[in-house]
Amino acid sequence: MPEWLSILIFLGGLPALMLILQTIVRRTFPNWERGDHNDAAGVMLSAAVVVYSVAIGLCVVTLWGKLDSAQQATQAEATNLVAIAEGSRVFDATVQEQIRSEAIAYNRDVVDHWSLRIRGESQLQVGRDLDGLVATVGQLEPRTEAQRAFVEDAVGRLTQAGELRVESVRLAHDQQLPGVVWLAVLGSSVVVLGLCLTCGVRDGVLRRILLIGVTATVGINLFLVTELNYPFYGDIRVGPDSYQNAVTLLAE
């Protein structure tokens with residue numbers, strides 16, 4: 001869902017809907033406006049708000065932690081092959097150029113196929129690039145201690161590169177909240193907003209202001225959870241910047 005549409009729904013549509021529901025409730029139950037039941041409704045609303053706050057807080061903290069993990073995984077994946085390309089200087093210019101060009105192709109293809117990463121789908125061309133780099137390193141015949149050390153380090157880094165690639169794709173799926181958690185968040189939001197409709201305030205302007213304030217707060221929280229739910233999409237996301245920087249660095 002585009003960010004502008006999410007903002008329109010949560011910060012525009014939801015308050016408007018609540019104002020319409022408030023009008024309907026006041027016409028259906030005109031005696032509620034006297035506020036005789038406000039003490040009981042206030043206690044229940046306070047309890048619901050506590051449960052809601054805990055649920056939203058846990059969701060945001062969990063999603064932010066996973067977003068940070070996705071950021072670290074992509075940075076490590078991008079810089080891992082840069083280290084291999086830089087270390088290849090112990091070999092002749094032909095080997096250096098081959099390894100450097102394959103490292104560039106890997107990072108560039110990650111950027112070009114970023115839409116697949118957003119959806120958590122495997123990027124086949126990126127896998128082929130990594131296989132090609134593995135084959136190139138595997139064919140090297142080290143003659144010096146420095147070359148042998150490079151090959152050993154490169155093999156370890158290439159193994160790690162494959163693991164980081166799988167980890168980044170996995171995080172695109174694991175970052176998203178399970179359906180049961182979404183049910184809890186949405187259910188608690190409905191309960192809080194529903195209880196707000198039962199509170200009696202005689203001043204119509206003040207009543208609308210309070211309702212819009214609470215609804216906007218709930219809408220902001222739902223918007224934040226929605227944005228954090230997709231680590232590689234939206235304004236709060238992990239972008240392909242690390243891979244682009246790697247391409248720029250290797251192309252110099």
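**Exercise 1.** Within how many Å do the axes of H1 and H8 come, and at roughly what angle do they cross?

*Solution.* This is a predicted model, in which local features need pLDDT of at least 70 and side-chain atom pairs count only at pLDDT 80 or more, while totals for chains, interfaces and linings use all residues. Residues are numbered from 1 along each chain as its sequence is written, and side-chain values use heavy atoms, with hydrogens and water left out. With axes taken as lines fitted to C-alpha atoms over the stretch in contact, and angles running from 0 to 180 degrees between N-to-C directions, the axes of H1 and H8 come within 9 Å and cross at roughly 145 degrees. The contact (heavy atoms within 4.5 Å) involves, among others, Phe10, Leu14 and Met18 of H1 and Leu211, Thr215 and Phe223 of H8.

**Exercise 2.** Describe the course of H1 and name what covers its buried residues.

*Solution.* Helix H1, residues 3-28, reaches 36 Å from its first C-alpha to its last, close to the 38 Å expected at 1.5 Å a residue. A kink of about 35 degrees lies at Gly13, shortly before Pro15. Among the buried residues of H1 (under 20% relative accessible area, 1.4 Å probe, protein chains only) are Phe10, Leu14, Pro15 and Met18, and what covers the buried residues includes helix H7 (179-198) and helix H8 (204-228).

**Exercise 3.** How many disulfides does the structure hold?

*Solution.* Taking a disulfide as a pair of cysteine sulfur atoms within 2.5 Å, the structure holds zero. For Cys59, the nearest cysteine sulfur, that of Cys196, is 19 Å away. Cys59 is buried at a relative accessible area of 5%, and Cys196 is buried at 13%.

Conventions. Helix = DSSP H or I, 4+ residues; strand = E, 2+ residues; numbered from the N terminus. Expected span 1.5 Å × (residues − 1). Bend = angle between axes of the 7 residues up to and from the residue. Buried < 20%, exposed > 50% of the residue type's maximum accessible area, 1.4 Å probe, protein only.
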